[in-house]
Amino acid sequence: MRFRLLKRNLLALLGVSVVVVTLLLTTRVLLVPDNDTSGPNTDAGVIRRLVNGGDAAANFDFSSLAELTKSVFNANYKQCVRNADAFPGEPRLVLVVQVHNRPEYLRLLIRSLQKAAEVHGFLLIFSHDYFSQEINTIVQEITFCKVLQIYFPFSTQLYPGEFPGKDPRDCPRDASKDDALKTGCLNAAHPDSYGHYREAFITQTKHHWWWKLHFVWERVAVLQGYGGFVIFLEEDNYILPDFFHYYKSMIEFRRNSCPDCDMLALGNHNGLADFTALSNKVMTTGWMSTKHNIGMAISRQVYYKLMGCNNEYCTYDDYNWDWTLQHLSGTCISKPIKVLAAKGSRVLHTGDCGLHQKEDCRPEWASQKAEEDLAAAKDGLFPPSLALGSAETAEHKPHIKNGGWGDVRDHILCNNYAKRL
């Protein structure tokens with residue numbers, strides 16, 4: 001009897017061991033690339049490969065749509081952090097840049113970043129919704145700090161003939177609802193608040209912004225445990241040399257004088273007018289789309305607040321992410337978002353064309369103007385401390401929604417980013 005019981009226990013133990021070994025091997029296969037030659041199967045070795053990532057980002061295959069899609073998903077999974085060996089340790093500042101297809105403006109932003117004080121402690125995350133070798137090369141030539149590229153997997157570039165791109169069966173933008181219902185086009189029942197039907201290129205920016213927010217806070221491995229703010233920029237921004245110095249001063253000011261400030265805004269749309277006089281001034285106010293959507297810093301706590309409004313963001317009929325955010329502040333987020341904002345902007349907007357204007361882009365003019373403005377403002381850089389210039393009540397600022405976001409397919413896809421990622 002004892003022998004049979006012992007035999008049964010040994011068989012059970014053997015079975016459990018086989019399962020555990022199988023799981024470990026499976027996990028190993030998932031974590032380690034097929035061409036891994038890094039040595040022993042140590043945790044440090046796996047982490048090192050995940051962080052440095054080899055040349056995964058460089059090996060984009062543009063030969064076909066299927067291969068490009070595969071490259072996007074592989075890059076998001078492998079998360080190659082470039083220059084990690086040269087700049088070890090936790091990042092002192094994380095900047096996320098939303099990139100479309102304006103390479104000359106992107107070069108201008110990168111040049112400004114290279115001139116920023118203490119840039120070697122930055123982690124730059126470039127989030128792309130347009131994929132080209134030219135743009136990849138521009139980013140991959142950065143050597144002055146750690147760099148990670150992530151790729152919006154629902155880009156219209158990857159879905160040229162179907163949703164979320166433009167499906168040929170979609171209703172024309174200006175068709176009446178009656179005509180659309182008669183013709184039976186796909187989205188006939190769902191025009192926006194102004195009777196217009198979906199335009200794929202218009203919806204992409206709002207989609208990308210929300211996906212990016214999810215992905216950065218939930219899926220970027222090197223940010224797990226990161227407790228600081230993440231600053232959001234766009235490809236046509238230009239930062240001042242004292243950007244990080246000013247950020248640290250804002251953090252200290254918030255800690256001592258405005259602990260209930262939810263966000264930071266290091267930029268505004270006033271350029272560098274009166275910069276020397278305003279350089280050390282900040283203000284507190286409610287978040288507004290037209291003022292605080294440039295150089296915006298978000299903490300993990302505010303990210304969680306926004307995620308509590310996932311459905312409201314994804315169904316609000318405005319194709320702009322920033323106007324949608326202003327709508328959430330004081331409605332879904334019951335206490336309006338309070339922002340600590342720079343009066344002397346540390347972020348310039350260089351883009352003279354964008355979503356609605358495609359012609360006559362002159363990045364060389366933008367570059368020259370930025371350099372001239374910066375030379376005139378140099379005496380106001382690196383203020384020793386900050387002072388409160390004004391304080392306004394944080395309150396909900398209603399606005400007329402812009403439409404362009406009435407299609408239920410957009411609502412459903414947007415709502416599912418947290419699950420799909």
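Here is a short chat about a predicted model, covering a helix pair, its nonpolar cores and one histidine.

Biologist: Why are α4 and α14 called roughly parallel to each other?

Modeller: The axes of α4 (residues 103-114) and α14 (residues 363-377) cross at roughly 20 degrees. Angles under 35 degrees count as roughly parallel, so the label fits this pair. The two axes come within 9 Å, and α4 passes α14 in a right-handed crossing.

Biologist: Which residues in α4 and α14 meet?

Modeller: From α4 you get Glu104, Tyr105, Leu108 and Arg111, and from α14 Pro363, Ala366 and Ser367. That contact splits into four nonpolar, one polar and two charged residues.

Biologist: OK, on to the cores. What makes Trp210 stand out in the largest nonpolar core?

Modeller: Trp210 is among those with the most contacts inside that 54-residue core, along with Leu213 and Ile298. Helix α7 (residues 200-218) gives the most to this core, seven residues. Leaving aside neighbours within four places in sequence, Trp210 touches residues including Leu306, Met307, Tyr313 and Tyr417. Apart from the largest core lies another one, of 41 residues, with Phe229 and Tyr247 among them.

Biologist: And why is His269 called partly exposed?

Modeller: Its relative accessible area is 42%. Buried would need under 20% and exposed over 50%, so His269 lands in between, as partly exposed. His269 sits in the loop between β7 (263-265) and α9 (275-278).

Biologist: How far apart are His269 and Thr290?

Modeller: They're 21 residues apart in sequence, and 7.9 Å apart in space, C-alpha to C-alpha. His269 is in contact with Thr290, and also with Lys291, Asn293 and Ile294.

Definitions and conventions. Residues numbered from 1 in each chain as written. Predicted model: local features only at pLDDT ≥ 70, side-chain atom pairs only at ≥ 80, totals over all residues. Heavy atoms only, no water. Axes fitted to C-alpha atoms, helices over the stretch in contact; angles between N-to-C directions. Helix = DSSP H or I, 4+ residues; strand = E, 2+ residues; numbered from the N terminus. Parallel < 35°, antiparallel > 145°, perpendicular 65-115°, else oblique. Left-handed = near helix turned anticlockwise from the far one by under 90°. Contact = heavy atoms within 4.5 Å. Nonpolar A, V, L, I, M, F, W, Y, C, P; charged D, E, K, R; others polar. Core = buried A, V, L, I, M, F, W, Y, C linked by side-chain atoms within 4.5 Å. Buried < 20%, exposed > 50% of the residue type's maximum accessible area, 1.4 Å probe, protein only.
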